[in-house]
Amino acid sequence: MELLDQIVHYSQIIREFGYAAMLIISAAIIMQCHVPMIPFAVVAGVCGYLYNFQQGMLLAWGSVVAGSFIALNVFRFFKLDRFTSKLLSRYKVLPKLSDKFVIGFIVIVHNIPAIPIAIPNIVAAMSSISLSRFIIFTAVGLLVPCVLFTGFGAGVDAFFANPGILTLIPILVIIVFLFLIKFINLDELLSKYE
């Protein structure tokens, strides 16, 4: 089933819940941050389809950032970092998850629709990244996918006059981020957010 067909299909199911539809879609997005059930492109598209671009964008972005925050705390509560550390040290592979690597991973992976949102949350939980850094860079990393998929659900022609720009925005974000990592002292910049 194509993306648009999936968005229409799930929108019809969600719409049947009436006033609780917004809570249902928000809960689905939050759960998707823990365990990938429905691709984020579909759920964000449903937000745009049901609630127009602006309201759908706020709902999708707010829910996915809140869900990632909850997921990180849940994964850390269950000591995921200690479990993976023991598992990887058993095979003589110790994870070297510096803040710089984790931040880059979060921002880049969130812009690749084929990778579930739970993956960066799990990697962040295995690292020692601070909660504030995680939230800031998760929100930044998820902004472009939320805009794109919610805009697609709301109607691409109402969102951008030229649909070719939709494929360039994530690529541009990744290139700018890689440029910043290469030429800016990220450790000094991140020390301001501790």
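In which helix is Leu131 found? Leu131 belongs to helix 7, which spans residues 131–154. This placement is a handy starting point for a walk through the model, which is a predicted one. Leu131 is partly exposed, and its relative accessible area is 32%.

Before the details, a view of the whole chain may help. The protein chain contains 10 helices and 0 strands, and read from the N terminus its elements follow the order α-α-α-α-α-α-α-α-α-α. Of its 194 residues, 40% count as buried. The chain exposes about 10900 Å², with carbon and sulfur atoms supplying 69% of that area. Among contacts with a separation of 6 or more, 78% are accounted for by residues 24 or more positions apart. As for confidence, the mean pLDDT of the protein chain is 77, and 70% of the residues reach 70 or more. Among the elements, helix 2 has the highest mean pLDDT, at 90, whereas helix 8 (residues 156–159) has the lowest, at 46.

The interior comes next. In soluble globular proteins, nonpolar side chains tend to be buried together. The largest nonpolar core of this model holds 37 residues, of which Ile25, Ile29, Phe40, Val64, Ala124 and Ile129 touch the most other members. At least two residues of this core are supplied by each of helix 1 (3–15), helix 2 (21–32), helix 3, helix 5, helix 6 (118–126) and helix 7. Helix 3 provides the largest share, 16 residues.

Phe40 gives a good view of the surroundings of one core member. With residues up to four places away in sequence not counted, Phe40 touches Ile29, Gln32, Val64, Ile117, Pro145, Cys146 and Phe149. Ile29 and Val64 are also listed with Phe40 among the residues of the core that touch the most other members.

His110 offers another look at the interior. This residue is found in helix 5, which covers residues 99–110. His110 counts as buried because its relative accessible area is 6%, under the 20% limit. Apart from neighbours within four places in sequence, the contacts of His110 are Phe105, Ile117, Pro120, Thr138, Gly141, Leu142 and Pro145. Although His110 and Pro145 are 35 residues apart in sequence, their C-alpha atoms are 7.3 Å apart in space. Pro145 is also touched by Phe40, as is Ile117.

Two further residues connect distant parts of the sequence. Met37 lies in the loop between helix 2 and helix 3. When its neighbours within four places in sequence are left aside, Met37 is in contact with Ala28, Met31 and Gln32. Met37 and Pro116 are 79 residues apart along the chain, and their C-alpha atoms are separated by 9.1 Å. Leu4, for its part, lies in helix 1 and is partly exposed, with a relative accessible area of 44%. From C-alpha to C-alpha, Leu4 and Ala41 are 10.0 Å apart, with their positions 37 residues apart in sequence taken as the separation.

The surface brings the account back to Leu131. Together with Phe69, Ile70, Val74, Phe77 and Phe78, Leu131 forms a nonpolar patch on the surface, and the accessible area of these residues together is about 570 Å². Which helix gives the most to the nonpolar patch? Helix 3 (residues 40–77) does, with 4 residues. Helix 3 thus appears both in the patch and in the core, where its share is the largest.

Phe78 is another member of the patch, and is found in the loop between helix 3 and helix 4 (80–90). Why is Phe78 counted as exposed? Phe78 has a relative accessible area of 62%, and exposed means over 50%. In space, Phe78 and Ala125 are 9.8 Å apart, C-alpha to C-alpha, while in sequence they are 47 residues apart.

How values were computed
Residues are numbered from 1 along each chain as its sequence is written. This is a predicted model: local features need pLDDT of at least 70, side-chain atom pairs count only at pLDDT 80 or more; totals for chains, interfaces and linings use all residues. Side-chain values use heavy atoms; hydrogens and water are left out. Patches are made of residues with over 30% relative accessible area and no salt bridge: like charges are joined within 9 Å, nonpolar side chains (Val, Leu, Ile, Met, Phe, Trp, Tyr) within 5 Å. Accessible areas come from the Shrake-Rupley method with a 1.4 Å probe; for residues, only the protein chains shown count as cover. A salt bridge is a side-chain nitrogen of Lys or Arg within 4 Å of a carboxyl oxygen of Asp or Glu. Buried means under 20% relative accessible area, exposed over 50%, partly exposed in between (1.4 Å probe, protein chains only). Contact means heavy atoms within 4.5 Å. A nonpolar core is a set of buried Ala, Val, Leu, Ile, Met, Phe, Trp, Tyr and Cys residues joined through side-chain atoms within 4.5 Å. pLDDT is the predictor's confidence in each residue, from 0 to 100.
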